[in-house]
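Thank you all for coming; I would like to walk through one protein model this morning, slowly enough that anyone new to reading structures can follow along. Please keep the picture in view while I talk.

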Amino acid sequence: MKFYTLDTTLTFGKYKGLSLELVISGEPSYISWCIINLDHFYISEEDLSQIFLRYPKFSLSLEAQEELKEKYESLVAQDVDEDDLWDDHFENSRESYGMYAGSYAQDVEGLSDDFINDVLGGEPDAYWNID
């Protein structure tokens with residue numbers, strides 16, 4: 001799961017290369033779509049609070065709200081501390097990303113360029129063979 005904040009740059013879809021904040025200011029309903037349709041897309045309560053403070057008219061669909069709740073409950077059920085998950089995300093963000101941006105391996109699975117080069121031999125489509 002990847003935490004998204006206002007400063008996060010999207011690495012997928014029609015808003016690839018734009019920050020979450022720019023997407024919210026242009027097409028806020030896309031955020032609900034991401035939450036519902038992308039398993040890795042997560043916004044913490046704290047970050048949602050920041051979004052609502054900065055964009056008071058921003059809203060999530062009921063389906064997106066339920067999906068966020070389910071994702072949070074899944075984290076709790078796995079006994080994953082949200083702070084630890086954030087720390088892991090921050091550490092992973094230091095790895096190189098971008099060479100394989102747009103690939104399923106990177107955008108959905110969250111594999112870094114280094115991992116794709118070293119483990120998958122530079123073939124992002126080989127992600128499916130990892131156990």
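Before anything else, please remember that this is a predicted model, and let me begin with charged side chains. Side chains of opposite charge can pair when their charged atoms come close. Here the count comes to two salt bridges.

One of these salt bridges joins the side chains of E27 and K14, with 3.2 Å from N to O. E27 lies in the loop between α1 and α2, while K14 lies in the loop between β1 and α1, so this pair ties together parts that are 13 residues apart in sequence. As for their surroundings, E27 counts as partly exposed, at 23% relative accessibility, whereas K14, at 58%, counts as exposed.

The other pair is E21 and R54, whose side chains meet in a salt bridge at 2.8 Å, again N to O. Because E21 sits in helix α1 and R54 in helix α3, the pair ties together parts that are 33 residues apart in sequence. E21 is buried, with a relative accessible area of 18%, and its partner R54 counts as partly exposed at 48%.

Since R54 has brought us to helix α3, let us stay there for a moment. Which residues of helix α3 are buried? They are D47, L48 and I51, in a helix that runs over residues 45-54. If you look down the axis of α3, these buried residues fall within an arc of 100°, so they line one face of the helix. On the other side of α3 you will find E45, E46 and L53, which are exposed. The buried residues, for their part, pack against α1, residues 20-26, and against α4, residues 62-77.

That packing leads us to the nonpolar interior. The largest nonpolar core has 24 residues, and among them L10, L20, I31, F41 and I43 touch the most other members. The elements that give two or more residues to this core are α1, α2, β2, α3 and α4, and α2 gives the most, with four residues. To see what this looks like from a single residue, take I43, which, leaving aside its neighbours within four places in sequence, is in contact with Y4, L20, I31, I35, L48, I51 and L68. There is also a second, separate core of five residues, including Y100, L111, I116 and L120.

Now I would like to turn to a lysine, K71, which is found in helix α4. What is the nearest side chain of opposite charge to K71? It is E67, 4.5 Å away, and K71 is buried yet has no salt bridge; the reason is that a salt bridge is counted here within 4 Å, so a distance of 4.5 Å does not qualify. The side chain of K71 does, however, reach the backbone oxygen of F41 at 2.6 Å. Not counting residues up to four places away in sequence, K71 touches M1, I35, L38, D39, F41 and Y42.

Finally, please look at A126, which lies in the segment after α7. A126 counts as partly exposed, at 24% relative accessibility. From C-alpha to C-alpha, A126 and I116 are 8.6 Å apart in space, and they are 10 residues apart in sequence. I116, you may recall, is one of the residues in the second core.

Key. Residues numbered from 1 in each chain as written. Predicted model: local features only at pLDDT ≥ 70, side-chain atom pairs only at ≥ 80, totals over all residues. Heavy atoms only, no water. Buried < 20%, exposed > 50% of the residue type's maximum accessible area, 1.4 Å probe, protein only. Arc of directions from axis to C-beta. Contact = heavy atoms within 4.5 Å. Core = buried A, V, L, I, M, F, W, Y, C linked by side-chain atoms within 4.5 Å. Lys, Arg positive; Asp, Glu negative; His and termini not counted. Polar contact = N/O pair within 3.5 Å; in protein donor to acceptor, adjacent residues only side chain to side chain.
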